[in-house]
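Reader: Could you take me through one part of this model in detail? I'd like a close look at the largest pocket, and at what is built around it, with the cut-offs spelled out as you go.

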Amino acid sequence: MSTRAVVFQLCVVVHDVRQANAHWAKVLDRPEADIQTIFPSGILHYTHGHATEYTDCQVAKYALDAFVLELIQPGSAASPWRDFLDRHGQGVFHVCVGVEDRKSFQQTLSGIGVGQPYHVGYYAGGSYSYVDSLAQLGL
């Protein structure tokens with residue numbers, strides 16, 4: 001990855017991933033994406049500094065030319081996605097920005113008034129973090 005920040009994913013939280021998946025498939029003129037249950041058991045995430053596991057989220061992903069469209073239906077357990085859905089309804093949850101140097105990027109975010117990550121997660125290829133940038137970036 002270059003030293004520049006690259007937007008590579010758009011995540012939408014939905015009530016019903018099967019319905020949203022079917023609709024997006026029609027809009028994108030593609031076959032429906034596979035729906036998977038995430039995350040595998042034993043993978044810890046940290047939300048507001050507390051370790052937790054999320055094993056009941058359903059996700060469908062579309063690899064598009066410039067980015068990945070991710071549709072997440074949160075499980076019933078408390079999670080960042082469930083909190084968003086309960087407070088805001090369906091909508092854009094995050095834009096994923098890939099960076100080479102997370103600490104440097106966090107300094108850039110801090111420079112515009114964005115706080116520290118409230119959620120850090122791990123997956124087979126690396127890790128990610130969520131920050132609240134609604135006031136600064138609109139999401």
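Author: Happily! The largest pocket has a lining of 48 residues, and those nearest its centre are His94, Val95, Ser129, Tyr130 and Val131. A pocket here is, on a 1 Å grid over the protein atoms alone, an open set of points where a 1.4 Å probe fits, with protein on both sides within 12 Å along at least five of seven lines; lining residues have an atom within 4 Å of a point. Please keep in mind that this is a predicted model: local features need pLDDT of at least 70, side-chain atom pairs count only at pLDDT 80 or more, and totals for chains, interfaces and linings use all residues. Residues are numbered from 1 along each chain as its sequence is written, and side-chain values use heavy atoms, leaving out hydrogens and water.

The space in this pocket comes to about 1,400 Å³, a volume being the space filled by probe spheres set on grid points that are joined across faces, edges and corners. By type, its lining splits into 30 nonpolar residues (Ala, Val, Leu, Ile, Met, Phe, Trp, Tyr, Cys and Pro), seven charged (Asp, Glu, Lys and Arg) and 11 polar (the others, Gly among them). Strand S7 gives the largest share of the lining, with seven residues. Strands (E, at least two residues) and helices (H or I, at least four) are DSSP runs, numbered from the N terminus.

So where does S7 sit? Five strands make up an open sheet of mixed pairing, ordered S2-S5-S6-S1-S7, where pairing takes at least two DSSP bridges between two strands. S7 (91-98) is an edge strand, as is S2 (35-38), and each pairs on one side only. On average, neighbouring strands in the sheet are turned by 30 degrees against each other, direction ignored; axes are lines fitted to C-alpha atoms, for helices over the stretch in contact, and angles run from 0 to 180 degrees between N-to-C directions.

Further into the sheet, S1 and S6 (residues 68-73) run parallel and are joined by five bridges, with Val13 partnered by Ile72 in S6. Helix H2 (residues 80-88) lies across S1, S5, S6 and S7, at about 140 degrees to S7.

Just beyond S1 comes His15, in the loop between S1 (6-13) and helix H1 (17-28). Leaving aside residues up to four places away in sequence, His15 touches Gln73, Leu85 and Gln90, where contact means heavy atoms within 4.5 Å.
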